[in-house]
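User: Please take a close look at one strand of this model and at what surrounds it along the chain. I would like a plain account, residue by residue where possible.

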Amino acid sequence: MEKLFPRIFSLLLTLFLFPHLLHSQGYSSRQPPRPLIFTPHNRADSDPQQVHISLVGRDHIRVSWITEAKHTQSIVEYGNAPGAYNSLATGEHTSYKYFFYSSGEIHHVKIGPLEPSTTYFYRCGGSGPEFSFRTPTQEFPIEFAVVGDLGQTEWTASTLAHVESKDYDVFLLPGDLSYADTQQPLWDSFGRLVEPYASRRPWMVTEGNHEIETFPILHPHGFTAYNARWVMPYEESGSDSNLYYSFEVAGTHIIMLGSYAEFDKKSSQYKWLVADLAKIDRNKTPWVVVLLHAPWYNTNTAHQGEGDSMRIAMEELLYNARVDVVFAGHVHAYERFTRVYNNKENECGPLYVTVGDGGNREGLALMFKSPPSPLSLFREASFGHGRLRILNQTHAHWSWHRNNDSNSVVA
C-alpha cells in the first residue's frame, strides 16, 4: 500500500492540474468508446513488468522492461528451451521524472545474434516469470499486424485479442500508444496491458500526437516518456532521433516517419530520409513500406489537412523511391485509397491506408466528406486491425478486420 499511494496521488494530482484530459477532443461525430482499462501491478518490485521486444538489425532483439526496485540488474538470460538459459546479455537502464511522477527503472538489453523463425525463452533481470518470443522469418512470406491509435479501453483489449487469434511476425503501430496524455501512471498501465502480446512478437512503433506530453514553461520538451520506454533502432538506421528510423525484415524495408518532428527540407528528418531511401536495394528488399501518424490523404471530417504540410514536403521523395504502401493513424476510422501522387490517381504512387481504429478512449470519427473522393476505395468508422501478408517479391495481400463484440470480421 505504501508503494501504491504515490502512484495514486500522482494520478489524482495530474487530473487536478489538467482536467481537460478527462474529455475527448471534441468531435461531435465521435462515438463514445468503451471504458478505460487500468491494469494494476501485481508482481514483486524486483520482478520485470511491461516487458516488450523490438527488432534491432537483422538478427538482434531489444528486450525492454520496468522494475519498481532501483537496483535490479539489466540482464537477459535466454535459450531455446524453457528454463534452459545458455546465453546472457547485459544492457542499460534509465528513468525519468514528470512533475510529481517518478518512473520505475527502465531496462533495455540487446540480445543476439539470433536465428530466424526460432522460439527463444527468456528471463529479465534474473527473477520473475519466464517469457518467450519467436524471431521473424528472413524469407517470404511474412505477415505484419498493423494497428494505430491503440489506447487502453475495452475496445483495445478486443483488438489485441483479435490480432492474437491468428499468428503474425511483427506488430506495426503508427502512433498514439497509451493515451496517457501526461497521466504517467497510464503509461505503466498500458505497458502491463500489452505485455502478453508485446513480449511475444516484436512491436515496432512511431510517435503520435498523444506522445508529445509538453506543458508550457514547466515541461517544454516532448516525448519524455515515449523515448524512455519505447526505444527503437534509430541509431542503427543512421537517424539521430528515436522519432524516425527504418529497419529491414524478410525482404521488406520499413520506414517509420515522425509526424511531430521537423520535416522540411532543412530538417534532420528530411535529410535522413533522403539518405535512407538512397541506400535501399530493391533486389534485397523489393518491398518498401512507410508508417507515419497524421495521414496525408483523408476524406474523414476529423483532422482534415493536418498531414498536408508533411505531404507537400516529403511526398515526392516517396514517389520517386516507388514506395509501395503508406500506413497512417490519427483519424479514428479505417480508409483505403488507390495509388496516389499529388492528389491524383497514379499507378506508380503508394497505396495509402488509414488504420487509426485500434481502440482509443476518444471513440470513432464517424463522419466522412460527401460526395466521396474517387481516390478513396473503402472507408468505415469501426474499430479493427489490419494485416499485411507479403507473399513473395511481387505479390502481397492486405486485409482489414472489423471488431464486433466477440470476433473479428474480414471486411
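Analyst: Strand 13, residues 170–174, is mostly covered: 5 of its 5 residues are buried. This is a predicted model, and the description below is to be read as such.

In a regular strand, side chains alternate between the two faces of the sheet. In strand 13, Val170, Leu172 and Pro174 point one way, while Phe171 and Leu173 point the other way. The residues on both sides are buried.

The pairing of strand 13 is with strand 12, which spans residues 142–146. The two strands run parallel and are joined by 3 bridges. One of the residue pairs can be named: Val146 has Leu172 of strand 13 as its bridge partner. Leu172 belongs to the group that points the same way as Val170 and Pro174.

Going back along the chain from strand 12, there is a loop between strand 11 and strand 12, and Pro141 lies in it. The peptide bond that leads from Phe140 into Pro141 is cis, with omega near 0°. A second cis bond, also with omega near 0°, links Ser370 to Pro371. Pro371 sits in the loop between strand 22 (364–365) and strand 23 (376–380).

On the other side of the Pro141 loop is strand 11, which belongs to an open sheet of 4 strands. The order in that sheet is 5-4-10-11, and the pairing is antiparallel. Strand 5 (87–90) and strand 11 (131–134) are the edge strands, each pairing on one side only. On average, neighbouring strands of this sheet are turned by 30° against each other, direction ignored. Strand 11 is joined to strand 10 (residues 119–124) by 4 bridges, and these two strands run antiparallel. Within this pair, Tyr120 has Phe133 of strand 11 as its bridge partner.

Two further loop residues deserve a note for their backbone angles. His303 has a positive phi of about 60° although it is not a glycine. His303 is placed in the loop between strand 17 (287–291) and helix 6. Its relative accessibility is 8%, so His303 counts as buried. His330 also has a positive phi, near 75°, and is likewise a residue other than glycine. His330 lies in the loop between strand 18 (325–328) and strand 19 (334–341). At 3% relative accessibility, His330 therefore counts as buried.

Definitions and conventions
Residues numbered from 1 in each chain as written. Predicted model: local features only at pLDDT ≥ 70, side-chain atom pairs only at ≥ 80, totals over all residues. Heavy atoms only, no water. Pairing = 2+ DSSP bridges. Axes fitted to C-alpha atoms, helices over the stretch in contact; angles between N-to-C directions. Buried < 20%, exposed > 50% of the residue type's maximum accessible area, 1.4 Å probe, protein only.
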